[in-house]
Amino acid sequence: MPARAALFQPFVSRTLSLPNRIVMSPMGRAHAEGGRPHADYAGYFRRRIEGGVSLAITGAAAVGHDLADYDGTGPLFHGDDPLDGWAHVLAAVHEAGGKLMPQLWHTGAARHVDAFPDKSAMGPSGYTIADLDAGRGPSAAAMTEADMAAVARAFADAASAAKARGFDGVEVHAGHGFLLDQFLWSGTNRRRDDYGGSAANRARFPAEVIAACRAATGPDFPILVRISQFKIDAYEAQIAETPEELGDLLRPLAAAGADILHCSQREAWEPAFEGSPLNLAGWARQLTGLPTIAVGSVGLAGLFTEEEAATPGAALPGVSLARLDEVAAMLGHGEFDLLSVGRSLLADPQWVNKVRDGRDGALRALDLAALTTLT
């Protein structure tokens with residue numbers, strides 16, 4: 001199918017080369033006792049590389065700051081034992097001929113404080129989405145500049161560890177309602193200093209984190225940045241109401257050393273702003289000049305929420321490639337550069353090879369086991 005041919009062309013940027021344009025999207029998988037990724041992670045990622053993915057990005061792994069972790073079930077990216085566990089995963093991916101990057105995060109005010117009774121949470125102004133929904137004051141602490149400096153160092157240390165251990169780059173998580181996104185979004189950023197107010201100010205701390213990672217890894221190590229309009233608990237939220245505001249948010253990230261912007265939408269084919277067909281990745285590319293990755297529901301017949309994904313017996317969307325050719329054509333026209341696929345790859349590790357070979361009817365549907373196990 002002509003449109004899909006664009007997905008299987010090589011990609012070359014300033015810091016990254018890939019044999020095709022399909023990336024495995026980061027997805028939280030838990031299964032990390034004590035922060036060490038379970039031994040099954042190695043086979044889990046290897047199967048997707050063998051299935052045709054050129055680059056896999058791990059689910060979010062917490063950097064080495066006391067308040068970074070989300071709920072105690074996910075992997076860490078600091079400390080000898082977790083990093084040794086990740087080394088086994090990396091070896092399996094490299095043996096299969098693929099590339100692997102950890103996604104680095106700090107969850108900020110979204111942290112599940114009930115999982116850490118001896119510690120609190122913090123964010124740019126302390127507001128959680130639950131606080132906003134309830135119309136109440138902040139339930140977390142507002143970060144000091146010393147807090148911000150410590151978090152930036154933790155990201156830089158994690159990026160340096162990734163480079164030292166032979167990873168193929170890192171992705172800095174600045175989306176979906178977690179710490180760096182809390183700075184980008186005016187809903188959670190109510191600061192009155194140089195880190196709040198205007199879009200450029202809201203981007204200041206995320207840019208400092210990226211700059212710290214760049215300083216720690218040198219000029220040629222790939223640094224990706226994940227952004228989104230929506231939040232896990234606020235699907236209608238927007239960090240930018242207009243393309244102009246989006247540009248003011250993203251240009252500081254590019255100037256700080258980001259190489260590629262990974263732009264998450266609920267549906268990758270939807271326009272990011274009224275009056276233009278460009279999706280979020282298309283606008284990000286146009287506004288910054290950086291290569292971009294589009295992601296959002298590719299291969300699925302419908303949307304579902306995080307709550308539905310965690311509910312036993314919930315009806316999950318089936319397989320649909322109705323929009324794949326449209327998204328591939330957008331990529332082929334140069335609107336964005338790479339396509340990230342998530343839950344479709346959970347359902348079927350061979351998704352890329354089957355799409356490449358036109359075996360659409362052989363694609364496997366998503367089920368609860370795929371969402372909850374490292375199959």
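**Entry 1: Ala30**

I began with Ala30, which is partly exposed at a relative accessible area of 28%. This is a predicted model, so I read each value here as a property of the prediction. The backbone caught my eye at this residue: phi of Ala30 is positive, about 55°, although the residue is not a glycine. I then looked up where it sits, and Ala30 belongs to the loop between β3 and α1 (40-50).

**Entry 2: His176**

Next I went to another non-glycine residue with a positive phi, His176, where the angle is near 60°. Is His176 buried or exposed? With a relative accessibility of 12%, it counts as buried, because the cut-off for that class is under 20%. His176 is found in the loop between β8 and α5 (179-184).

**Entry 3: the barrel**

From that loop I turned to the strands. How many strands make up the closed barrel? There are eight, in the order β3-β4-β5-β8-β9-β10-β11-β12, and their pairing is parallel. From one strand to the next, the twist averages 30°. As a reminder to myself, strands of a sheet pair through backbone hydrogen bonds, either parallel or antiparallel.

I then walked through some of the pairs:

- β3 (residues 22-24) and β4 (residues 55-62) are parallel and share two bridges. Here I found Met24 opposite Ala56 of β4.
- β3 also runs parallel to β12, with three bridges joining the two. On this side Met24 faces Val341 of β12.
- β11 and β12 are parallel as well, joined by three bridges. Val295 has Ser340 of β12 as its bridge partner.
- β5 (residues 99-105) pairs with β8 in the parallel sense over two bridges. Gln103 has Glu171 of β8 as its bridge partner.
- β8 is joined to β9 (residues 223-228) by four bridges, again in parallel. Glu171 stands opposite Leu224 of β9.

**Entry 4: two strands, both faces**

I wanted to see which way the side chains go on β8 (residues 170-173). Val170 and Val172 point one way, Glu171 and His173 point the other way, and all of them are buried. Glu171 is thus a residue I met twice over, with Gln103 as a bridge partner and with Leu224 opposite in β9.

I checked β12 (residues 338-341) in the same spirit. Both of its faces are covered: Leu338 and Ser340 lie on one side, Leu339 and Val341 on the other, and all are buried.

**Entry 5: helix α9**

Then I looked at α9 (residues 280-288), which lies across β9, β10 (260-264) and β11 (292-295) and runs at about 150° to β10. Why call it largely enclosed by the rest of the structure? Seven of its nine residues are buried, so the description holds. I listed the buried ones: Leu280, Ala281, Gly282, Trp283, Ala284, Leu287 and Thr288. Their cover includes α8 (243-256) along with β9, β10 and β11.

**Entry 6: α4 against α7**

Two packed helices are described by the angle between their axes and the distance between the axes. For α4 and α7 (residues 204-217) I noted an angle of about 35° and axes 8 Å apart. The crossing of α4 past α7 is right-handed.

Which residues meet there? From α4 I have Met148, Val151, Ala152, Phe155, Ala156, Ala159, Ser160 and Lys163, and from α7 Phe205, Val209, Ala212, Cys213, Ala216 and Thr217. By class, this contact holds eleven nonpolar, two polar and one charged residue.

**Entry 7: the nonpolar cores**

In soluble globular proteins, nonpolar side chains tend to be buried together. I therefore looked up the cores last. The largest nonpolar core here has 109 residues, and those with the most contacts inside it are Phe45, Phe77, Phe155, Phe205, Val225, Leu246 and Trp351. Its largest share, nine residues, comes from α4 (residues 145-164). Phe155 and Phe205 were already in my notes from the contact of α4 with α7.

I opened up Phe77 for a closer look. Leaving aside neighbours within four places in sequence, Phe77 is in contact with Ala61, Ala62, Leu83, Trp86, Pro102, Leu104, Ala158, Ala161, Ala162 and Phe167. Apart from the largest core lies another, of eleven residues, including Val23, Ile57, Met101 and Leu224. Leu224 is also the residue I found opposite Glu171.

Definitions and conventions: Residues are numbered from 1 along each chain as its sequence is written. This is a predicted model: local features need pLDDT of at least 70, side-chain atom pairs count only at pLDDT 80 or more; totals for chains, interfaces and linings use all residues. Side-chain values use heavy atoms; hydrogens and water are left out. A nonpolar core is a set of buried Ala, Val, Leu, Ile, Met, Phe, Trp, Tyr and Cys residues joined through side-chain atoms within 4.5 Å. Buried means under 20% relative accessible area, exposed over 50%, partly exposed in between (1.4 Å probe, protein chains only). Contact means heavy atoms within 4.5 Å. Two strands pair if DSSP finds at least two bridges between them. Axes are lines fitted to C-alpha atoms, for helices over the stretch in contact, and angles run from 0 to 180 degrees between N-to-C directions. A crossing is left-handed if the near helix is turned anticlockwise from the far one by less than a right angle, and right-handed if clockwise. Ala, Val, Leu, Ile, Met, Phe, Trp, Tyr, Cys and Pro count as nonpolar, Asp, Glu, Lys and Arg as charged, and the others, Gly among them, as polar.
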